[in-house]
Amino acid sequence: MTVLHRLAAVLCVSLVSTVAAAQQFDLRYFQTLSTEFRGADMRLDVYNGGPKNDMTHLAPAEDVSGQYWRLTPAGKGYYKLSTMFRGRGMCLDVFNGGARNDQVHLAPCGNYTGQFWRFSPAGDAYRLTTQFRGKNMCLDIFNGGPDDNQPHLTRCADYSGQLWQVSPTFKEVR
């Protein structure tokens, strides 16, 4: 095999790998998000009203629109996340500073790096990071205290709260 043929073979394998990675989620459907730490019976949901309005938390799995997440490609391997409940105009974002620093909530969608989420394969799960905080800050879950079961960004480590399952709902995105 000539050098040119080897190069062509490597390029083909790279192209196929890139296309496969880009198609890791079926974007025709809403997804549910859960952690290995709490299991599939606890899904990422949105508070509706009260002092934590539009904040997110893990809640018992139900057929509710706050647990159905739309993944929209944002370029360069990132996605924007919005719910069926709040619609396309509200995206998962990261607080920058203050008492809720690094916690996540829904905010009006815009061209903000805290709204660009990367799903990095980690075995059978994914680690979620933002363009804003970078690859060393992973989405994790508080375990106990007043923010129990609420997600926040923290240093990536070998914690099951940082390993997210993404499951299709077969509810079509429209």
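**Disulfides**

I started with the cysteines of this predicted model and found that the structure holds two disulfides (a disulfide is a pair of cysteine sulfur atoms within 2.5 Å). A note to self: a disulfide is a covalent bond between the sulfur atoms of two cysteines.

I looked up C91 and C109 and got a distance of 2.0 Å between their sulfur atoms. The S-S torsion here is 95°, and the link of C91 and C109 is right-handed. This pair links distant parts of the chain, 18 residues apart: C91 sits in strand β6 (residues 90–94), and C109 in the loop between β7 (104–108) and β8 (117–122). I jotted down how strands and helices are assigned: they are DSSP runs numbered from the N terminus, helices being H or I with at least four residues and strands E with at least two.

Is C91 buried or exposed? C91 counts as buried, because its relative accessibility is 4% (buried means under 20% relative accessible area, exposed over 50%, partly exposed in between, with a 1.4 Å probe and protein chains only). C109 is partly exposed at 29%.

Next I checked C138 and C156, whose sulfur atoms are also listed as a disulfide, 2.0 Å apart. The torsion about their S-S bond is about 95°, so this disulfide is right-handed. C138 lies in strand β10 (residues 137–141) and C156 in the loop between β11 (151–155) and β12 (164–172), so the pair ties together parts that are 18 residues apart in sequence. C138 is buried at 1%, while C156 is partly exposed at 28%.

I then numbered the bonded cysteines in sequence order, and the pairing came out as 1-2, 3-4.

**A look at A157**

I moved on to A157, in the loop between β11 and β12. A157 is partly exposed, with a relative accessible area of 27%. From A157 to C138 I count 19 residues in sequence, and their C-alpha atoms are 8.2 Å apart in space. Leaving aside neighbours within four places in sequence, A157 is in contact (heavy atoms within 4.5 Å) with R127 and Q162.

**T56**

T56 is in strand β3 (residues 56–60). It counts as buried because its relative accessibility is 0%. What lies 3.3 Å from a polar atom of the side chain of T56? I found the backbone oxygen of V104 there. Not counting residues up to four places away in sequence, T56 touches a list of residues including L44, Y47, W69, L92, V104 and P151.

**The core and W164**

I wanted to know which residues touch the most other members of the largest nonpolar core. They are L33, W69, L81, W117, F119 and W164, out of 25 residues in that core. For the record, a nonpolar core is a set of buried Ala, Val, Leu, Ile, Met, Phe, Trp, Tyr and Cys residues joined through side-chain atoms within 4.5 Å. I followed up W164, whose contacts beyond four places in sequence include L33, L44, L58, Y126, L139 and I141.

**Two odd phi angles**

Most residues other than glycine have a negative phi, and most peptide bonds are trans. K76 is not a glycine, yet has a positive phi of about 55°. I placed K76 in the loop between β4 (69–75) and β5 (78–83), and K76 counts as exposed because its relative accessibility is 75%. N149, also not a glycine, has a positive phi of about 70°. N149 lies in the loop between β10 and β11 and is buried, with a relative accessible area of 12%.

**Whole chain**

I tallied one helix and 12 strands, with the helix coming ahead of the strands in the pattern α-β-β-β-β-β-β-β-β-β-β-β-β. Of the 174 residues, 42% count as buried. Among contacts with a separation of 6 or more, 50% are between residues 24 or more positions apart.

**Confidence and ground rules**

The average pLDDT (the predictor's confidence in each residue, from 0 to 100) is 90, and 87% of the residues score at least 70. Over residues 3–23 pLDDT stays under 50, and I found that the model has two contacts beyond four places in sequence for them. Where pLDDT is low, the predicted coordinates should not be read in detail.

My numbering runs from 1 along each chain as its sequence is written, and side-chain values use heavy atoms, with hydrogens and water left out. As this is a predicted model, local features need pLDDT of at least 70 and side-chain atom pairs count only at pLDDT 80 or more, while totals for chains, interfaces and linings use all residues.

How values were computed
A polar contact is a pair of N or O atoms within 3.5 Å; within protein, one must be able to donate a hydrogen and the other to accept it, and residues adjacent in sequence count only if both atoms are side-chain atoms.
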